[in-house]
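Reader: Hello! I am in my first year and still learning to read structures. Could you take me slowly through one part of this protein, and then show me what lies around that part?

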Amino acid sequence: MEQSERNIDVCFRPLIDKLTQLWSSRALTYDISRKHNFAMGAALMWTINDFPAYGMVSCWSIHEKLACPYCMENNKAFTLTNGGKVFFFYCHCRFLPPNHRYRKK
């Protein structure tokens, strides 16, 4: 993995800087339908990311016991015996309805 892929926030820096500028000082823009100028601001409402990208963009550690930003310390993560790695992926089944076919009995 290249350094730029691990530091995705570096790729977003120009976008963030431009949005910050547009939000605070506005930009004079021409509206062709109304035939007049107006001050335009801009904001980023949301992004859609996979979980690893979420970790890189938000600087949230997705590799440890507090990997789930929803569950936090209430997760059921545990350390694997033979590898020493944190395992938590099956734990989200508890959010399924009790009779769901993928929920462990």
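**A close look at the β1-β2 hairpin**

Author: Happy to! The protein has 3 helices and 4 strands, and this is a predicted model. If you follow the chain from its start, the elements come in the order α-α-β-β-α-β-β. Let us settle on the two neighbouring strands β1 and β2, which form a hairpin with 4 residues between them.

Strand β1 covers residues 27-31, and β2 covers residues 36-40. The two strands pair in the antiparallel sense, and 5 bridges link them. A good place to put your finger is Thr-29, a residue of β1. Across from Thr-29, in β2, stands Phe-38. Setting aside the neighbours within four places in sequence, Thr-29 is in contact with His-36, Asn-37, Phe-38 and Met-40. The side chain of Thr-29 also reaches the backbone oxygen of Ala-27, at 3.1 Å. While you look at the strands, one general idea helps: in a regular strand, side chains alternate between the two faces of the sheet.

Now follow the chain into the turn. Lys-35 sits in the loop between β1 and β2, and its phi is near 55°, a positive value in a residue other than glycine. That is worth a pause, because most residues other than glycine have a negative phi. Is Lys-35 buried or exposed? Lys-35 counts as exposed because its relative accessibility is 61%, and the cut-off for that word is over 50%.

Step back to the other side of β1 and you meet Arg-26, in the loop between α2 and β1. Arg-26 has a positive phi too, near 60°. With a relative accessible area of 40%, Arg-26 is partly exposed.

Going back further brings you to helix α2, which spans residues 8-25. Here the side chains of Arg-13 and Asp-17 meet in a salt bridge, with 3.1 Å from N to O. A search of the whole structure finds 1 salt bridge. Its two partners are 4 residues apart in the helix, which is about one turn. Arg-13 is partly exposed, at 44% relative accessibility, and Asp-17 is also partly exposed, with a relative accessible area of 43%.

Next, leave the hairpin in the other direction. After β2 comes a loop that leads to α3 (51-58), and Trp-46 lies in that loop. Why does Trp-46 count as exposed? The reason is its relative accessibility of 62%, since exposed means over 50%. Trp-46 has company as well: together with Met-45 and Ile-48, it forms a nonpolar patch on the surface, and the three share about 480 Å² of accessible area.

Finally, zoom out to the whole protein. Its accessible surface comes to about 8900 Å², and carbon and sulfur atoms account for 60% of that. Of the 105 residues, 14% are buried. Among contacts between residues at least 6 apart in sequence, 15% join residues at least 24 apart. With that wider view in mind, you can return to Thr-29 and find Phe-38 opposite it once more.

Notes:
Residues numbered from 1 in each chain as written. Predicted model: local features only at pLDDT ≥ 70, side-chain atom pairs only at ≥ 80, totals over all residues. Heavy atoms only, no water. Patch = residues over 30% accessible without salt bridge, like charges linked within 9 Å, V, L, I, M, F, W, Y side chains within 5 Å. Areas by Shrake-Rupley, 256 points an atom, 1.4 Å probe, with all protein chains shown as cover. Salt bridge = Lys/Arg side-chain N within 4 Å of Asp/Glu carboxyl O. Buried < 20%, exposed > 50% of the residue type's maximum accessible area, 1.4 Å probe, protein only. Polar contact = N/O pair within 3.5 Å; in protein donor to acceptor, adjacent residues only side chain to side chain. Contact = heavy atoms within 4.5 Å. Pairing = 2+ DSSP bridges.
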